[in-house]
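Open the model in your viewer and keep the sequence panel beside it. The stops below give a selection each time, followed by what is found there.

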Amino acid sequence: MSYELNAGGKQLAEAIENMHFSAPKCPVFQNVDAKAHTNPEEIKANLVAQLTSSVRWTESVQNMIAAGADEFVECGPGKTLRGMIGRIDKTVKAHGVNE
């Protein structure tokens, strides 16, 4: 994958590269390719790639559902992500962290 980073992106990429990532306890779906990842080096590389790549939100949600997810929790304020999830698949539950 080819991408160009501005100065801030290069600093973030360097910070990510210098961080230790452990293997996750569950697969991490990343918006850069809409796939689940468990390899810490892949996760790091994808975080950097995401800086200049399109977000594949719909595919990510669809792949999580295909992998067995049936409930989503939005951790931030508002209902934006819940609304998008509801439009992608009406059969899954989506709620806020405080609900």
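Which residues in α3 meet which residues in α4? This is a predicted model, and the tour starts at that contact. Select W57, T58, V61 and Q62 in α3, then L81, M84, I85 and I88 in α4; these two sets meet each other. By class, the residues of this contact are six nonpolar, two polar and no charged.

**The two helices**

Now widen the selection to the whole of helix α3, residues 57–66, and helix α4, residues 80–88. Their axes lie 10 Å apart and the helices pack at an angle of about 70°. Angles from 65 to 115 degrees count as roughly perpendicular, so α3 is roughly perpendicular to α4. The crossing of α3 and α4 is right-handed.

**The nonpolar core**

Keep V61 and I85 selected and add M64, F72 and V92. These five residues form the largest nonpolar core. V61 and I85 also belong to the contact of α3 with α4. In soluble globular proteins, nonpolar side chains tend to be buried together.

Centre the view on F72 and show its neighbours. Leaving out residues up to four places away in sequence, F72 touches V61, M64, I65, I85, V92, K93, A94 and H95. Among them are V61, M64, I85 and V92, which are members of the largest nonpolar core along with F72.

**A loop residue**

Go next to F21, in the loop between α1 (7–17) and β1 (28–30). Is F21 buried or partly exposed? Its relative accessible area is 22%, and buried means under 20%, so F21 is partly exposed. With residues up to four places away in sequence not counted, F21 touches I16, P40, I43, K44 and L47. For a distance check, pick the C-alpha atoms of F21 and A67: they are 23 Å apart in space, and the two residues are 46 apart in sequence.

**The whole chain**

Finally, clear the selection and show the full protein as a cartoon. Four helices and four strands are present, in the order α-β-β-α-α-β-α-β along the sequence. Taken along the principal axes, the C-alpha atoms fill a box of roughly 40 × 25 × 25 Å. Colour by accessibility: of the 99 residues in the protein, 25% are buried. For a contact map, consider contacts between residues at least 6 apart in sequence; 42% of these join residues at least 24 apart.

Methods. Residues numbered from 1 in each chain as written. Predicted model: local features only at pLDDT ≥ 70, side-chain atom pairs only at ≥ 80, totals over all residues. Heavy atoms only, no water. Axes fitted to C-alpha atoms, helices over the stretch in contact; angles between N-to-C directions. Parallel < 35°, antiparallel > 145°, perpendicular 65-115°, else oblique. Left-handed = near helix turned anticlockwise from the far one by under 90°. Contact = heavy atoms within 4.5 Å. Nonpolar A, V, L, I, M, F, W, Y, C, P; charged D, E, K, R; others polar. Core = buried A, V, L, I, M, F, W, Y, C linked by side-chain atoms within 4.5 Å. Buried < 20%, exposed > 50% of the residue type's maximum accessible area, 1.4 Å probe, protein only.
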